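Subject: Handing over the two-chain model

Hi,

Here is the structure I promised to pass on. Have a look at it first, and my notes follow below.

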Amino acid sequence: MIDETKQEMAIDYVLGELSPMAAESFERELAGNEELRSFTKELREGFASMALTTESLRPRSELFQRILTEVNSPKKSKLVWASFVPWALAACLAAALLILGFDDLHKKNEVAALLQRDALAQLQISALRAQVQAYSNVSAVVVWNQQHQKGLLRLEALPGLQSGHDYQLWIIDPAEKTPVSAGIVPIESGNSARFEFRPEHPVTSAAKFAVSIEKSGGSTVPQGQIILVGQ
Amino acid sequence: MIGRKMTPAMDEAAERYNIELLQRIGKGDEAAFAAFYDRLAPILYGVAFRMMNDAAEAEDVLQEGFSYIWRQASTYDQNQSSTFAWAIMIVRNKAIDRLRMRQRVERLQQRMTSFEGVTPERDDESALEPFLRERRAQVRAALIEVPPEQRQALELSFFSDLTHEQIAAQLGAPLGTIKARIRRGLLRLRQIFQQST
């Protein structure tokens, strides 16, 4: 028998009303409580059934092709190895500096000076800093090419992310009212990420980069906690 | 329908097929993606259109939703939700994000596109539509049993981007009352579906 308090928690969980910490705690409980899991699933199904108060409508026939183009676009625009070399080099340089602790402004400027002397001059490197304690051990570097409007994010030592949430990268462009999404960051092997990104639409400048925790699927503007910021 | 096990939207065989499609999509199967789209796009588009009240924006929501489904199909967990509920909640979240962005940037100017003033056509041809039609009738019948104030709070909670506080303000009722209405309505819906499966 599920007591009333647990029922209310399950309802708030389904409606997305729990705080991230409370949701995480509830998910742990769900994992070990089959009755509660079943109850929560039934609530979710009931809530989703509200969709059936609408009629099915026909989207334009070309929409599916548009979606296919979008989901395949990273494949099509995949960088050839030769063009990726400078990116990898810059990312390695930035990561090495972080590892060695040379992330202060002076050293960064030295690297920038070096970079300006060669073909990497147009690359901007940002080390992102944790905004919350739980992310203080995370190594986070963005390499950005303003001219080509594309970048590379590398994250290491990420703490676990509760289910139902994604990391999302943002570009703060002073010319925009709201941060511009650069996409959901796919996590590899649990605690790292290597993410080639493009902004949702071209930016005039990338003054800052930020990573936030958003509900699964991400948001069009940041809604969740900002965990990393760099400029 | 008696004796046939159902999720809230479809029968067991249809659900098994949807799960198989998601498993194939997770492996990059475009044909499975197309089949999943054909089955669910009309109801998802209906939800998106009701929320956005704009055909072009509803299509954008659908595009974002299906792009997400493509990327995340392999993470679908049937212990957590049916394929229908999973897809519905993805599209609903995408629509809410857009509604909130629309508010934030105060983008009141409508897009000047060929969609202006267009209401999409009904779609009765998807393979899932027979199940959905039957279930739709059950949901509507079930909602008649839910007191109007609970139904109204549930509808606002599902289809709008309003927080519970905003729903309370809009309906001129205390927050605690609104939360209680939504909870009671949701428990009632769950009870109705338990009886019918």
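Let's begin in chain B: both B:F33 and B:W70 are buried. These two residues also make an aromatic pair of the tilted kind, with 5.0 Å from centre to centre and 55° between the planes. B:F33 belongs to helix α2 (residues 30-52) of chain B and B:W70 to helix α3 (residues 55-72) of chain B, so the pair links distant parts of the chain, 37 residues apart. There is a wider group here too: A:F64, B:F33, B:Y37, B:F66 and B:W70 form one aromatic cluster.

Keep in mind that this is a predicted model. It scores ipTM 0.85 and pTM 0.60.

How many aromatic pairs are there over all chains? A search of the whole structure turns up 14. One of them is in chain A, where the ring centres of A:W144 and A:F209 are 6.1 Å apart. Their planes meet at 65°, and because an angle over 60 counts as edge-to-face, that is what this pair is. A:W144 sits in strand β3 (residues 139-145) of chain A and A:F209 in strand β8 (residues 208-215) of chain A, with their positions 65 residues apart in the chain. Both A:W144 and A:F209 are buried.

Chain B also has charges placed over rings. The charged end of B:R50 is over the ring of B:F159, 3.8 Å from its centre, and B:R92 lies over the face of B:F158, at 5.3 Å from the ring centre.

Another element to look at is helix α3 (residues 34-48) of chain A. Its 15 residues should span 21 Å at 1.5 Å a residue, and the end C-alpha atoms are indeed 21 Å apart, so the two values agree. What caps its N-terminal end? That is A:N33, which has a side-chain oxygen 3.2 Å from the backbone nitrogen of A:E35. Buried residues of this helix include A:L36, A:F39, A:L43 and A:F47, and also A:R44 and A:E45.

Finally, the confidence. Chain A averages a pLDDT of 80, with 78% of the residues at 70 or above. Within chain A, helix α6 (residues 105-116) is lowest at a mean of 54, and strand β6 (residues 180-185) is highest at 92. Residues 75-83 of chain A stay under 50. Chain B has a mean of 83, and 84% of its residues reach 70 or more. Its residues 1-6 are below 50, and residues 105-116 of chain B stay under 50 as well.

Cheers

How values were computed:
Residues numbered from 1 in each chain as written. Chains lettered and ligands numbered in written order. Heavy atoms only, no water. pLDDT = per-residue confidence, 0-100. Helix = DSSP H or I, 4+ residues; strand = E, 2+ residues; numbered from the N terminus. Contact = heavy atoms within 4.5 Å. Expected span 1.5 Å × (residues − 1). Buried < 20%, exposed > 50% of the residue type's maximum accessible area, 1.4 Å probe, protein only. Polar contact = N/O pair within 3.5 Å; in protein donor to acceptor, adjacent residues only side chain to side chain. Phe/Tyr/Trp six-rings, centres within 6.5 Å; stacked < 30°, edge-to-face > 60°. Lys NZ or Arg CZ within 6 Å of the ring centre and 35° of its normal.
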